[in-house]
Amino acid sequence: MFSVYSRTARRGRGAARLAVAALMSGLMATGAISGAGVAQADDGATGATEQSGASATLAGLETYDTAVIHGAGTDEKVSAGLFRMAVDDGGTLQTYCVDIHNPTQPDAKYRETSWSGTSLHDNPNAGRIRWILQNSYPQVNDLAALARKAHAGSLTEQEAAAGTQVAIWRYSDKVDVDAVSPAAEKLADYLQRSARDLAEPQASLTLTPQAVSEQPEDEAAPARTDTEAGGRADSESGDSEAGNRVGPVTVHTNADSVTVMPPVEAAAGGVKLVDEKGEPVTTAKDGSRLYFDVPKKAKEGSAELTVQASTTVPVGRAFASDTRSQTQILAGSSESTVSATATATWASEGAVPALSARENCTKGGVDITAANSGDEPYTFTLMGTRYTIPAGQTRTVTIPLQEDQAYDFTIKGPHGFDKRIRGVLDCSTTSAVGSTAGGGLRTQATTQPSPASVGGTGSEADTDLAETGSSNATPIIAGIAVLLVLIGGASVVMGRKKKSPGAGDGSSDGE
């Protein structure tokens, strides 16, 4: 059974032309960073461009009871408890919700992400939520012992799940919410009162950076070190048959080892994956540095590196969806399949770009990092504005977006370079909105997901540029997408805006 927390009314929308103008003006505020020819992106844990960590499909609310949200003269009953997710390629996750007023979507796809890409980014109590997860159900499955600590008498699994969810909501959404069951309510009070600040957990598996690029040296030129080459070096053996190395890409994981899946040789033009000594690799571990070994005669091309492992995802990792389904936080994990990808681009002359992206909730947008390791400037057009990255340098463009805006950019470059970046910005909860104009809560509980709950209610003068799902703005989306493709820029989809949640007090305690 699914439980959906959907709002029966939606806030007004920004006019499409004003949203585009804001996006354009935001793109003008870019900063150049002098650096090597490797795109140094984020920690690999945010954004929807490359896979990092676990990806899963929402199966539904599995273990739950009832809670009540108190509003301005109105009480609303909702289901509160544990969700279950099916991990791609094997595994199961248990999660709680950290965005009570947003709906869940049927079979929504989720990706592991860092707190910086979710509403937890500016929540001083995010660490307390992790403490609750580690000190309650299902991490603590001795319900009798848990009930004694909470002075709750006895607890069923449903009551334990509901009490835990209620305590989390009080910190994640700043809502006035109580569990209906007296035992569950006592557990929620105990968890809220006892919670201490803990650090954010590390990702289950990431690669950094997510994109590298290089211009191979002339065969007659002397070999360079990694530092001199800005992240690439010729094979240290001096063998004339050895290729040019592009990288490194570093593995970060809590797994004992990862399987390294090399590029398809036919598509990658003979590219191999090697370690720091130039030896082919099929496995790696945390801290391993991997390189793309590119044949010396290869003039231009690209290749993708994928690593995969089986591990448990750390409790407290956030999971975000690109379909506007409420953000989740991990409460438990079976042995699950996790993976991460990175790309390499090379060319013998001209500009050689590498692009990566990350959602930046602190700045309220998406950071696109472009590096150029070639011997000529790299110029690309985004939303009608031209950007130039000098040879050997890196520039980051922050694209400001409204809350819940879907984004879909395609950036092109020389040698057939084509990079698509897409996702949905979800940086806030809606608890600060409070209630509707009529005094009722903007929340309802249903037993089945309702795509209609994602639709807008704006007037003609106050409408979305675009919505996820069905919307009157769909023709606008199509028209803009076609126009942007024609100018070689990007297609952009925008959505609704929500107000940021209020901040609470936080205490600090070592993990």
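**Salt bridges, nonpolar cores and buried helices in the predicted model**

Asp 189 and Arg 170 form a salt bridge, with their closest N and O atoms 2.8 Å apart. This pair connects distant parts of the chain, since Asp 189 belongs to helix 5 (residues 182-194) and Arg 170 to helix 4, 19 residues apart. The coordinates examined here are those of a predicted model. The two partners differ in their surroundings: Asp 189 has a relative accessibility of 30% and therefore counts as partly exposed, whereas Arg 170, at 9%, counts as buried. Both residues also take part in a network of salt bridges that links Arg 170, Asp 178, Glu 185 and Asp 189.

In total, 10 salt bridges were identified in the model. Side chains of opposite charge can pair when their charged atoms come close. A further example is the salt bridge between Arg 289 and Glu 276, in which the closest N and O atoms are 2.7 Å apart. Arg 289 is located in strand 17 (residues 289-294) and Glu 276 in the loop between strand 15 (272-274) and strand 16 (283-284), so this salt bridge ties together parts of the chain that are 13 residues apart in sequence. Arg 289 counts as partly exposed because its relative accessibility is 30%. Glu 276 is likewise partly exposed, with a relative accessible area of 39%. Asp 367 and Arg 358 form another salt bridge, for which the distance between the closest N and O atoms is 3.5 Å. Here the acidic partner, Asp 367, counts as buried at 6% relative accessibility, while Arg 358 is partly exposed, at 23% relative accessible area.

The overall organisation of the chain was considered next. The protein chain has eight helices and 29 strands. Of its 511 residues, 57% count as buried. Among contacts between residues at least 6 apart in sequence, 75% join residues at least 24 apart. The accessible surface of the chain comes to about 20000 Å², and carbon and sulfur atoms account for 49% of this area.

The largest nonpolar core contains 85 residues, of which Tyr 96, Trp 169, Phe 292, Leu 305 and Val 307 touch the most other members. Helix 4 (residues 157-172) supplies the largest share of this core, namely eight residues. A separate core of 22 residues lies apart from it and includes Leu 355, Tyr 378, Ile 399 and Cys 427. For Val 307, when neighbours within four places in sequence are left aside, the contacts are Leu 205, Leu 207, Val 258, Thr 259, Val 260, Leu 290, Val 338, Ser 339 and Ala 340.

Helix 4 is also the location of Thr 164. This residue is buried because its relative accessible area is 0%. Not counting residues up to four places away in sequence, Thr 164 touches Tyr 96, Ile 132, Ser 136, Tyr 137, Leu 187 and Leu 191. One of these contacts, Ile 132, is among the buried residues of helix 2, which are Ala 126, Gly 127, Arg 128, Ile 129, Arg 130, Trp 131, Ile 132 and Leu 133. Eight of the nine residues of helix 2 (residues 126-134) are buried, and helix 2 is therefore largely enclosed by the rest of the structure. The elements that cover its buried residues include strand 7 (92-97), helix 4, helix 5 and strand 20 (328-333).

Met 261 presents a case of partial exposure. This residue lies in strand 14 (residues 258-261), and its relative accessible area of 36% makes Met 261 partly exposed. Beyond its neighbours within four places in sequence, Met 261 is in contact with Leu 273, Leu 305, Thr 306 and Gln 308. The C-alpha atoms of Met 261 and Thr 283 are separated by 8.5 Å, the two residues being 22 residues apart along the chain.

Aromatic side chains were also examined. The structure holds two aromatic pairs, and Tyr 378, Phe 380 and Tyr 387 form one aromatic cluster. Tyr 378 is, in addition, one of the residues of the 22-residue core. Elsewhere, Arg 245 is positioned over the face of Tyr 291, at 4.0 Å from the ring centre.

Terms used: Residues are numbered from 1 along each chain as its sequence is written. This is a predicted model: local features need pLDDT of at least 70, side-chain atom pairs count only at pLDDT 80 or more; totals for chains, interfaces and linings use all residues. Side-chain values use heavy atoms; hydrogens and water are left out. A nonpolar core is a set of buried Ala, Val, Leu, Ile, Met, Phe, Trp, Tyr and Cys residues joined through side-chain atoms within 4.5 Å. Buried means under 20% relative accessible area, exposed over 50%, partly exposed in between (1.4 Å probe, protein chains only). Helices (H or I, at least four residues) and strands (E, at least two) are DSSP runs, numbered from the N terminus. Contact means heavy atoms within 4.5 Å. A salt bridge is a side-chain nitrogen of Lys or Arg within 4 Å of a carboxyl oxygen of Asp or Glu. Rings of Phe, Tyr and Trp (its six-membered ring) pair if their centres lie within 6.5 Å; planes under 30 degrees apart count as stacked, over 60 as edge-to-face and the rest as tilted. A charge sits over a ring if NZ of Lys or CZ of Arg is within 6 Å of the ring centre and within 35 degrees of the ring normal. Accessible areas come from the Shrake-Rupley method with a 1.4 Å probe; for residues, only the protein chains shown count as cover.
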